[in-house]
Amino acid sequence: MKFLRYVKRDQFNVIDLGTAILAANIFPENALAALAVWCASSFTLNVIVAVTIRSKNEA
């Protein structure tokens with residue numbers, strides 16, 4: 001969780017919005033499935049971006 005401090009607020013917003021749109025398009029009639037996909041993918045992508053930014057800053 002400490003990795004997430006490297007991600008700026010606008011990066012969080014772009015990742016969250018993109019994954020929400022993607023989840024809604026994949027499951028247009030099932031809100032719970034869309035929410036589950038959004039939660040899983042949003043958190044995962046935020047962590048990946050944070051780790052990438054941190055590794056670039058340390059290099």
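Contact here means heavy atoms within 4.5 Å, and the helices you will visit are DSSP runs (H or I, at least four residues) numbered from the N terminus. The model is predicted, with local features needing pLDDT of at least 70 and side-chain atom pairs counting only at pLDDT 80 or more, whereas totals for chains, interfaces and linings use all residues. Residues are numbered from 1 along each chain as its sequence is written, and side-chain values use heavy atoms, with hydrogens and water left out.

Select Ser42 to begin, which sits in helix α2 (residues 31–58). Ser42 counts as buried because its relative accessibility is 6%, where buried means under 20% relative accessible area, exposed over 50% and partly exposed in between (1.4 Å probe, protein chains only). Once its neighbours within four places in sequence are set aside, Ser42 is in contact with Ile15, Asp16 and Thr19.

Widen the selection to the whole of α2, whose 28 residues reach 40 Å from first C-alpha to last, close to the 40 Å expected at 1.5 Å a residue; that expected span is 1.5 Å times one less than the number of residues. Besides Ser42, the buried residues of α2 include Ala33, Ala34, Asn46, Ala50 and Ile53, and α1 is part of what covers the buried residues of this helix.

Move next to Gly18, which is found in helix α1 (residues 9–26) and which counts as partly exposed because its relative accessibility is 37%. A distance drawn from the C-alpha atom of Gly18 to that of Ala36, 18 residues apart along the chain, spans 15 Å.

Finish at Phe27, in the loop between α1 and α2, which counts as partly exposed because its relative accessibility is 30%.

Conventions
Helices (H or I, at least four residues) and strands (E, at least two) are DSSP runs, numbered from the N terminus.
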